[in-house]
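Colleague: I am new to this protein. Please show it to me, and then I will ask a few things.

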Amino acid sequence: KGKIIADRDFNARSLSSNYKQLSRIGQFEWNPNKDPTRASITFSTISEDLRPLGQKKAEIYITARKSESAVDTAVTNTNTSTNESSVPVFGSSERLRSVAVVPGNVVVSDTETITEFQVVEGSNG
């Protein structure tokens, strides 16, 4: 079937929007062919309510990645019968360091993200 491809620009903008960040993402730069371990984010200098925020930029360094595929044998109940089924599962983990430069401050943080994907009933995955 198809491959899972990280759309880092979309994911960063979605997270920023859903967490209601004061600074919106202005520009997102990531070139997986040149250096897949580094991304740069430049944030808008004006908030949604038109307040000036000053320059803010973040550099993201992916320090470790791992993924694996497996088959999960899950027990599902359909009405009164119990059926065993095999479900393909894809898991990935990623560790990154972000360095954010804001007026008067530098913030460094380390994050690890672990995600599991599986095909759900009714999808064409």
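Modeller: Short answers on the fold, the helix and the rings follow. This is a predicted model, where local features need pLDDT of at least 70, side-chain atom pairs count only at pLDDT 80 or more, and totals for chains, interfaces and linings use all residues. Residues are numbered from 1 along each chain as its sequence is written, and side-chain values use heavy atoms, with hydrogens and water left out.

Colleague: In what order do the elements run from the N terminus on?

Modeller: The protein has one helix and five strands. Helices (H or I, at least four residues) and strands (E, at least two) are DSSP runs, numbered from the N terminus. The order is α-β-β-β-β-β.

Colleague: Why do the buried residues of α1 line one face of the helix?

Modeller: Helix α1 spans residues 8–18, with R8, A12 and S16 buried (under 20% relative accessible area, 1.4 Å probe, protein chains only; exposed is over 50%, partly exposed in between). An α-helix has 3.6 residues a turn, so residues three or four places apart point the same way. On the other side of α1, F10 and N18 are exposed. Seen down the axis of α1, the directions to the C-beta atoms of its buried residues fall within an arc of 65°.

Colleague: Which residue lies over the face of W30?

Modeller: A charge sits over a ring if NZ of Lys or CZ of Arg is within 6 Å of the ring centre and within 35 degrees of the ring normal. At W30, the distance from the ring centre is 5.0 Å. The residue is R8.
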